[in-house]
Structures are given as structure tokens and as C-alpha cells.
Amino acid sequence: LLTLLAEEGAMIAGVVAQRLRGIYDPAGFVVEGMTEAWADIRRNELISLLLLSGETASMYRLLFDSDRLVDIGLSILAPLAETAGGGADKEEAIDTGLLMEWLLRMLVSRLTIPSPQLTDKAAVRALLQATVAPVITAWG
């Protein structure tokens, strides 16, 4: 199962990366990447079965107790965090490890505890622009 999840995660990461070509603003890159990853994960039958099965609390604990599952999630988000933190010469540059952890927890939360307000990409994008983009821009 973990191997299948890793393969699905790698596929999603590749597809999302293709869609983000040409976005050079770090905050915009992360917002669009998270929006696209959210939509692709929701459409993925295997991952949806695990994350949206109704056993959300158990799955959430499993995700963060399993180093391998965290690694799969982080592999999807690594390009987003690296782009957001890459090239920053400031002393307060983004810690990409912490950013990936934060983004992964946000993504898993949105997938495992669906919101009636976040039912489409536009709503997810608006939320991320209000919450994630300012943080990345401040670090940029």
C-alpha cells in the first residue's frame, strides 16, 4: 500500500509541477501548487479512499506517525517549499523543512476534514492567498 501511495504521490507531484511552469512568484507558486495538489489528490481514487473514508482522525494520526507516509506527502510538496524558500539570501530565509511540514498539515487537514466552504479550486485558492501567500511574501 505504501508503495502504491508513493507512486501516486510522485505522479501527482509531476503533474502539479508541469502545471506550475511559468509561475515565478514564490507565493503564487505555492498557492497554485497547493490548489492543484488538493484537487488532484481529491480526484485520486486510492488516496481519496484513505483520506476521505470517514476514519479521518485515525488516518490523520497514521499519516503523521508514519515516516514513510510523511515522506510521500513531503515529496509532493517539496518543489513548492523549495521554490518558496529558494534563493532567499536573508538571515530569516524560509526553513523549507518547516514550510513543507506546515503545508502538508494544511493539505491533510483540508482533505480529511472537508469544509462546505472549500468545495472548489477557487475557494481553496482564496483561502491560501489569504493565509499562506502573506507568510511566504513576508519571508521573500
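Modeller: A helix here is a DSSP run of H or I with at least four residues, numbered from the N terminus. The model is predicted: local features need pLDDT of at least 70, side-chain atom pairs count only at pLDDT 80 or more, and totals for chains, interfaces and linings use all residues. Residues are numbered from 1 along each chain as its sequence is written, and side-chain values use heavy atoms, without hydrogens or water.

Colleague: How many salt bridges does the structure hold?

Modeller: The term requires a side-chain nitrogen of Lys or Arg within 4 Å of a carboxyl oxygen of Asp or Glu. One such pair is Glu 36 with Arg 19, and another is Asp 40 with Arg 43. The count of salt bridges in the structure is 6.

Colleague: Which helices hold Glu 36 and Arg 19?

Modeller: The side chains of these two residues meet in a salt bridge, at 2.7 Å from N to O. The pair ties together parts that are 17 residues apart in sequence, because Glu 36 lies in helix 2 and Arg 19 in helix 1.

Colleague: Is Glu 36 buried or exposed?

Modeller: Buried means under 20% relative accessible area, exposed over 50% and partly exposed in between, with a 1.4 Å probe and protein chains only. Its partner Arg 19 has a relative accessible area of 38% and is partly exposed. Glu 36, with a relative accessible area of 9%, is buried.

Colleague: How many residues apart are Asp 40 and Arg 43?

Modeller: Their side chains meet in a salt bridge with an N to O distance of 2.2 Å. Asp 40 is buried at 9% relative accessibility, whereas Arg 43 is exposed at 53%. Both residues lie in helix 2, and their separation, about one turn of the helix, is 3 residues.

Colleague: Which Lys is linked with Arg 19, Glu 36, Asp 40 and Arg 43 in a network of salt bridges?

Modeller: Glu 36 meets Arg 19 in a salt bridge, and Asp 40 meets Arg 43 in another. These four residues belong to a network of salt bridges together with Lys 121.

Colleague: In which helix are Glu 101 and Arg 105 about one turn apart?

Modeller: The side chains of Glu 101 and Arg 105 meet in a salt bridge at 2.6 Å, N to O. Glu 101 is partly exposed at 27% relative accessibility, and Arg 105 is partly exposed at 34%. The two residues are 4 apart, about one helical turn, in helix 6.

Colleague: What is the relative accessibility of Trp 102?

Modeller: Trp 102 is placed in helix 6, which spans residues 96-112. This residue counts as partly exposed because its relative accessibility is 31%.

Colleague: What distance separates the C-alpha atoms of Ile 41 and Gly 9?

Modeller: Ile 41 is placed in helix 2, and at 5% relative accessibility Ile 41 counts as buried. Along the chain, Ile 41 and Gly 9 are 32 residues apart. In space, their C-alpha atoms are separated by 8.5 Å.

Colleague: What distance separates the C-alpha atoms of Leu 46 and Glu 8?

Modeller: Leu 46 is in helix 3, covering residues 45-51. Leu 46 is partly exposed, with a relative accessible area of 22%. Although Leu 46 and Glu 8 are 38 residues apart along the chain, the separation of their C-alpha atoms is 8.2 Å.
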